[in-house]
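Student: Could we go through this model by question and answer? I would like the reasoning along with each result.

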Amino acid sequence: MQNNLPSTPVSRPAAKAKAATTDSKAKRPRGFAAMDPEQQRRIASEGGRASHESGRGHRFTAEEARAAGRKGGQATRKPSAKA
């Protein structure tokens, strides 16, 4: 079976460059990253306190932490099963 189409290479458009990266303005932090570290710490600790007050917070005991670390170590040492 023969193909009657011309054998010229097809030209594809180049990937569009992001316009934001070419701006002359320097990228400035926004939101949480723009706050001073002390203010970030204060807000983050409020979230932790609220979590514990509502009963959803959890503190690991030393035994629970050991068990979790053991599980993670065992999981990373298992050989991957590739078919």
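## Helices and salt bridges

Tutor: Glu 38 is exposed, its relative accessible area being 52%. Keep in mind that this is a predicted model.

Student: In which helix is Glu 38 found?

Tutor: The chain has two helices and zero strands. Residues 37-53 make up one of these helices. Glu 38 is found in helix α1.

Student: What span is expected for helix α1 at 1.5 Å a residue?

Tutor: Helix α1 has 17 residues. The expected span is 1.5 Å times one less than the number of residues. From first C-alpha to last, α1 reaches 24 Å, close to the expected value, which is 24 Å.

Student: Which residue with a positive phi follows α1?

Tutor: Helix α1 covers residues 37-53. After α1 comes a residue whose phi is positive, near 90°, and that residue is Gly 55.

Student: How many salt bridges does a search of the whole structure find?

Tutor: Side chains of opposite charge can pair when their charged atoms come close. The cut-off for a salt bridge is a nitrogen of Lys or Arg within 4 Å of a carboxyl oxygen of Asp or Glu. Searching the whole structure on this basis gives three.

Student: Which side chain meets that of Glu 38 in a salt bridge?

Tutor: The partner of Glu 38 also lies in helix α1, three residues apart, or about one turn of the helix. Both residues of the pair are exposed. The N to O distance is 2.9 Å, and the partner is Arg 41.

Student: How far apart are the closest N and O atoms of Glu 46 and Arg 42?

Tutor: Glu 46 and Arg 42 are four residues apart in helix α1, so about one helical turn separates them. An α-helix has 3.6 residues a turn, so residues three or four places apart point the same way. Glu 46 and Arg 42 form a salt bridge, with their closest N and O atoms apart by 3.1 Å.

Student: Is Arg 42 exposed, partly exposed or buried?

Tutor: Partly exposed lies between the 20% and 50% cut-offs. Its salt-bridge partner Glu 46 has 41% relative accessibility and falls in that class. With a relative accessible area of 43%, Arg 42 is partly exposed.

Student: Which side chain does Glu 63 meet in a salt bridge?

Tutor: The partner sits three residues from Glu 63 in helix α2 (residues 62-77), so about one helical turn separates the two. Glu 63 is partly exposed at 48% relative accessible area. The N to O distance is 3.2 Å, and the partner is Arg 66.

Student: What is the relative accessibility of Arg 66?

Tutor: Arg 66 lies in helix α2. Arg 66 counts as partly exposed, and its relative accessibility is 47%.

Student: What percentage of the residues of the chain count as buried?

Tutor: The chain exposes about 8,700 Å², and carbon and sulfur atoms supply 54% of that area. A residue is buried under 20% relative accessible area. Of the 83 residues of the chain, the share counted as buried is 0%.

Key. Residues are numbered from 1 along each chain as its sequence is written. This is a predicted model: local features need pLDDT of at least 70, side-chain atom pairs count only at pLDDT 80 or more; totals for chains, interfaces and linings use all residues. Side-chain values use heavy atoms; hydrogens and water are left out. Buried means under 20% relative accessible area, exposed over 50%, partly exposed in between (1.4 Å probe, protein chains only). Accessible areas come from the Shrake-Rupley method with a 1.4 Å probe; for residues, only the protein chains shown count as cover.
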